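Me: I am new to this structure and would like a close look at the salt bridges. Could you walk me through them, and then show me what else is worth seeing nearby in the model?

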Amino acid sequence: KTIIVTALVLVLITVWPLSRLGTEFIPQFDEGDWMYMPTTLPALSPGKAQQLLQQTNKLIKSVPEVKQVFGKIGRAETATDPAPLTMIETVIQFTPRDKWRPGMTPDKLRKELDQRVQLPGVTNAWVMPIRTRIDMLSTGIKTPVGIKITGPSLDEIQVIGEKIEATLRDLPGTASVYADRAVGGRYVNVDIDREKAARFGLNVSDIHEVVRLAVGGINVTETIEGLERYPVNLRYPQTTRDSLEKLQMLPLITKQNAHIALADVADVYVADGPPNIKSENARLTGWVLVDIANIDLGTYIDTAKEAISENITMPPGYTLLWTGQYEYMARAQERLKHLIPITLLIIVLLLYLNFKNFTQVAIIMGALPLALIGGIWFLWLLNYNMSIAVGVGFIALAGVSIELGVVMLLYLNQAFKRQQEQVERENRSMTIEDLQGAIIDGAVMRVRPIMMTVLTIIIGLLPIMLGSGTGSEVMRRIAAPMVGGMVSSLLLSLIVIPTIYWLWKQHGLKYS
């Protein structure tokens with residue numbers, strides 16, 4: 001009974017480290033290279049964008065650990081990369097780790113880069129290239145946490161986004177936060193006065209053609225260089241179209257060869273408008289991008305939801321959708337809520353088919369939490385978060401623990417049966433001493449095989465725990481529950497299960 005009470009106390013104590021484990025979808029990969037993906041405020045001119053890109057590249061390259069920097073801003077002429085001019089994508093390659101400054105780690109390097117690249121109107125985000133591309137393809141969000149605001153009005157969406165940005169900016173764990181300016185774009189409008197145009201003998205299409213060719217340009221030919229073909233675009237020099245006043249003075253030639261300015265037949269002015277319009281499920285959408293640091297995803301989401309609910313009142317017709325990596329985690333947790341009970345039922349069914357006895361099935365399933373104690377404490381000591389990878393490790397640990405328990409019960413049943421047959425041959429009743437002898441005999445026969453199994457698993461997983469390189473973060477979290485849980489599983493198989501077996505069998509004995 002002392003052993004059973006001690007086991008129950010250990011289970012209760014383990015609730016403390018379990019409550020302090022964070023949650024995440026998959027641990028962050030160290031892909032070797034990084035990507036700097038800041039977001040600027042809208043209405044950024046091409047000239048300023050080029051200057052900003054060169055400035056950030058120089059600041060990043062000034063860090064000794066950086067080997068090469070290559071950045072791009074804007075988008076190519078393709079529908080698969082709808083990046084606005086306000087989004088920078090800079091790939092950072094580092095020197096080999098053995099050439100880094102003494103004591104330098106990726107976390108310290110990220111903090112140094114973030115402190116060095118601080119520019120007004122620029123919201124930093126340091127991400128991994130491959131994972132970020134996958135996240136952007138599936139959810140559209142490039143940061144670990146994203147909030148999608150849906151509703152009927154872009155103006156109201158921007159107001160809500162700015163309130164969320166102000167609320168989350170000072171929240172613990174927030175590295176950066178940026179809300180899309182849904183109506184923060186600037187557009188040059190050419191409002192043609194038809195009466196003035198007709199007075200000069202011009203129609204609307206003539207004026208449109210001049211503006212399109214002068215400002216946007218036209219491909220007049222293409223140059224062939226080997227197997228590559230490049231278009232040649234002809235338009236007015238940038239010096240004649242880089243301001244509103246110069247656009248107003250664009251020359252037009254009438255059919256009577258008279259030279260007039262664009263302002264003579266049109267009103268040229270700058271108007272506000274949405275830089276881009278996003279929609280999902282036929283509803284207008286605005287995004288809030290949140291990068292986090294020194295906090296797990298689940299804890300941050302819970303804290304952020306509470307802060308937003310306390311400080312922001314959502315107008316009717318507007319909703320918030322939490323996305324990014326959180327969307328993966330929520331989807332996986334929802335599936336596990338259904339899969340775990342089904343899996344446990346299948347295990348119970350298989351155990352019953354093997355033992356044909358619900359009591360022995362209950363012994364194994366009831367003792368299963370004891371096998372998970374070591375894995376939980378080991379995760380807490382390593383400061384790992386609960387994730388899908390950790391869940392896979394616990395599933396493997398539970399399988400091995402149940403297997404050890406099944407084998408132990410089989411040997412205990414065989415030893416008990418042999419002792420029972422011997423007692424019947426001696427024509428007497430089984431005593432407590434006979435039961436203890438049978439349990440000791442059955443348990444001792446399994447000490448060496450169980451020790452060999454446990455040590456083999458631990459020794460085999462140590463290279464994974466001590467290894468490094470891309471993907472090792474996930475492998476360590478799969479192996480950690482197995483390494484820590486094997487210790488508690490060993491105690492479960494050798495001590496707890498025989499003790500529970502003894503408590504169960506002693507009630508059916510006749511004392512002599």
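Reply: Happy to! A residue is called exposed when its relative accessible area is over 50%, buried when that value is under 20%, and partly exposed in between. Please keep in mind that this is a predicted model.

Let us begin with the pair that uses this definition. The side chains of Arg186 and Asp272 form a salt bridge, with 3.2 Å from N to O. Arg186 belongs to strand S9 (residues 185–192) and Asp272 to strand S14 (residues 266–273), so this pair ties together parts that are 86 residues apart in sequence. Asp272 has a relative accessible area of 58%, and therefore it counts as exposed. Arg186 has 48%, so this residue is partly exposed. Elsewhere, salt bridges with shared partners join Glu65, Arg101, Glu112 and Arg116 into one network.

Now turn to Glu89, which takes part in two of the contacts described here. One is with Lys72: the two side chains meet in a salt bridge at 3.9 Å, N to O. This contact links distant parts of the chain, since Lys72 sits in strand S3 (residues 66–73) and Glu89 in strand S4 (residues 88–94), 17 residues apart. The other is with Arg133, where the salt bridge spans 2.6 Å from N to O. Here strand S4 holds Glu89 and helix H5 (residues 129–138) holds Arg133, so the pair ties together parts that are 44 residues apart in sequence.

How do these three residues sit relative to the surface? Glu89 has a relative accessibility of 5%, so it counts as buried. Lys72 is partly exposed, because its relative accessible area is 25%. Arg133 is partly exposed too, with a value of 33%. In the model as a whole, the count comes to 18 salt bridges, and the pairs above are among them.

Next, the empty space inside. Rolling a probe the size of a water molecule over the atoms shows where such space is left. The count comes to one cavity of 30 Å³ or more, and the largest cavity has a volume of about 60 Å³. Its lining is made by 13 residues, and those lying nearest its centre are Thr39, Thr123, Ala125, Thr143 and Leu289. Strand S8 (174–179) and strand S16 (283–292) are the elements that give two or more residues to this lining. By character, the lining residues divide into six nonpolar, five polar and two charged.

Finally, have a look at the outside. Leu336, Leu339, Ile340, Leu344, Ile388 and Val392 make a nonpolar surface patch of about 460 Å². Helix H11 (325–355) and helix H13 (388–425) each supply at least two of the patch residues, and H11 gives the most, with four. Leu336 is one of the patch residues and lies in helix H11. With a relative accessible area of 35%, Leu336 is partly exposed. That value fits the patch rule, because patches are made of residues with over 30% relative accessible area.

If you return to the salt bridges with the model in front of you, Glu89 is a handy place to start: from this buried residue you can trace one contact to Lys72 and another to Arg133.

Conventions: Residues numbered from 1 in each chain as written. Predicted model: local features only at pLDDT ≥ 70, side-chain atom pairs only at ≥ 80, totals over all residues. Heavy atoms only, no water. Patch = residues over 30% accessible without salt bridge, like charges linked within 9 Å, V, L, I, M, F, W, Y side chains within 5 Å. Areas by Shrake-Rupley, 256 points an atom, 1.4 Å probe, with all protein chains shown as cover. Salt bridge = Lys/Arg side-chain N within 4 Å of Asp/Glu carboxyl O. Buried < 20%, exposed > 50% of the residue type's maximum accessible area, 1.4 Å probe, protein only. 1 Å grid on protein atoms, 1.4 Å probe; cavity = no way out; pocket = protein on both sides within 12 Å on 5 of 7 lines; lining within 4 Å. Points joined across faces, edges and corners; volume = space filled by probe spheres on them. Nonpolar A, V, L, I, M, F, W, Y, C, P; charged D, E, K, R; others polar.
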